[in-house]
Amino acid sequence: MTDVEHDPDTERYAYSPKALARLVLSYELRELADRAAGGVPTDSDDYAEPGEEVADALALVRQAQEVLSRAVLFERARHTGWEAIAEQLDMKKQSAHERYREAEQEWKDALQVPFNPTPPGARFPYEYLRLHEAAYEPIKAGRDLDEMGQLLDGLSHLYQDMQKRPDPIARLRLTERKAALLDRIAIEEGRPEAAAQAEEPRALAARLRAGIEGTA
C-alpha cells in the first residue's frame with residue numbers, strides 16, 4: 001500500500017460505516033476479554049489492595065456496557081430495526097431508541113468530523129479524537145487487533161486447564177509483551193491513553209516477577 005492509503009485522514013473512507021462499526025465492536029470486545037482474562041489468576045491476590053477485586057469487577061461491567069452500546073451501533077449500521085434490537089434488550093422499541101439514539105447520532109457525526117476542536121499548539125491531538133480510534137485508523141487497528149489477539153490466545157492457552165496453575169514465567173512474558181505493545185502504540189502514535197493502559201500489565205508483570213524471584 002502507498003503512504004496515501006495509510007493516511008488516517010483518508011483511509012477510513014475505504015471502509016463502509018458497517019465495517020468501521022464492526023471493527024470498533026471487535027476492539028471493545030478484545031478490551032473486555034483482555035480485562036476479564038487478567039482477573040482469572042489467583043497467584044497475585046496477596047498483593048491486591050483492599051477492594052481491588054470489586055473495582056476490577058466494576059470496570060468489567062462498565063466495559064461490558066460499552067460493548068453493548070457498540071453492538072447496538074453495529075446492528076444499526078447494518079440496518080437492523082429498533083424493534084429487533086429492543087426485543088434482544090427486553091425493552092420496548094421506544095425505550096431502546098431513546099437509550100441509544102444519542103450514541104448513534106454521535107457515531108454518525110464523528111464519522112464526518114472525527115476531532116473535537118483542537119487548541120493551537122496542542123501536543124497530543126489524539127486527546128481530542130471524537131471518533132473511536134479503531135474507526136479513525138482501521139488499518140492500524142486491524143494490525144493491533146491481530147497482535148493483541150495473539151497475546152490473548154497465548155493467555156487463553158495458559159488457562160485451558162483450570163485445575164492446573166499456569167506457568168508463571170510464560171504468563172510473565174505475555175504480560176510484558178502486552179505492556180510493551182501498548183507502550184509502542186503510545187510512542188509511535190502519540191497516544192498517552194495507551195501508555196496509561198500499559199500501567200496495569202506492567203504492574204502485574206512486576207508482581208509476577210517478584211513472586212518468581214521470591215520462590216527461586
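**Exercise 1. Find the partner of Arg-70 in this predicted model and say how the two sit in the fold.**

Solution. Start at the side chains: Arg-70 pairs with Glu-66 in a salt bridge, 2.9 Å from N to O. Next, look at where they live. Both belong to helix α2, residues 52–77, and they are four residues apart, about one turn of the helix. Last, check the cover. Buried means under 20% relative accessible area, so Arg-70 at 16% is buried. Glu-66 comes out at 28% and counts as partly exposed.

**Exercise 2. Work out which parts of the chain the salt bridge between Glu-104 and Arg-76 ties together.**

Solution. First, the contact: the side chains of Glu-104 and Arg-76 meet at 3.0 Å, N to O. Then place each end. Glu-104 is in helix α4 and Arg-76 is in helix α2, 28 residues apart, so this pair links distant parts of the chain. Now the accessibility: Glu-104 is buried at 9%, while Arg-76 is partly exposed at 22%. One more step widens the view, since Lys-108 joins Arg-76 and Glu-104 in a network of salt bridges.

**Exercise 3. Do the same for Arg-130 and Glu-106: where does each one sit?**

Solution. Begin with the bridge itself, whose closest N and O atoms are 3.0 Å apart. Arg-130 is in the loop between α4 and α5, and Glu-106 is in helix α4, 24 residues away in the sequence. As for cover, Arg-130 is partly exposed at 25%, and Glu-106 is partly exposed too, at 35%. Stepping back, the structure holds nine salt bridges.

**Exercise 4. Describe the surroundings of Glu-147.**

Solution. Locate it first: Glu-147 is in helix α6, residues 138–158. Its relative accessible area is 24%, which makes Glu-147 partly exposed. Then list the neighbours. Leaving out residues up to four places away in sequence, Glu-147 touches Leu-181 and Arg-184. For Leu-181, the gap to Glu-147 is 34 residues along the chain but 8.6 Å in space, C-alpha to C-alpha.

**Exercise 5. Name the residues of the negative surface patch, then place Glu-200.**

Solution. The patch is made up of Asp-45, Asp-46, Glu-53, Asp-56 and Glu-200. Of these, Glu-200 lies in helix α8, residues 192–215, and is partly exposed at 49%.

**Exercise 6. Sum up the whole fold: how many helices and strands are there?**

Solution. Count the elements: eight helices and zero strands. Then turn to burial, where 35% of the 216 residues count as buried. Finally, take contacts between residues at least 6 apart in sequence: 65% of them join residues at least 24 apart.

Technical notes. Residues numbered from 1 in each chain as written. Predicted model: local features only at pLDDT ≥ 70, side-chain atom pairs only at ≥ 80, totals over all residues. Heavy atoms only, no water. Patch = residues over 30% accessible without salt bridge, like charges linked within 9 Å, V, L, I, M, F, W, Y side chains within 5 Å. Areas by Shrake-Rupley, 256 points an atom, 1.4 Å probe, with all protein chains shown as cover. Salt bridge = Lys/Arg side-chain N within 4 Å of Asp/Glu carboxyl O. Lys, Arg positive; Asp, Glu negative; His and termini not counted. Charge placed at Lys NZ, Arg CZ, Asp CG, Glu CD. Helix = DSSP H or I, 4+ residues; strand = E, 2+ residues; numbered from the N terminus. Buried < 20%, exposed > 50% of the residue type's maximum accessible area, 1.4 Å probe, protein only. Contact = heavy atoms within 4.5 Å.
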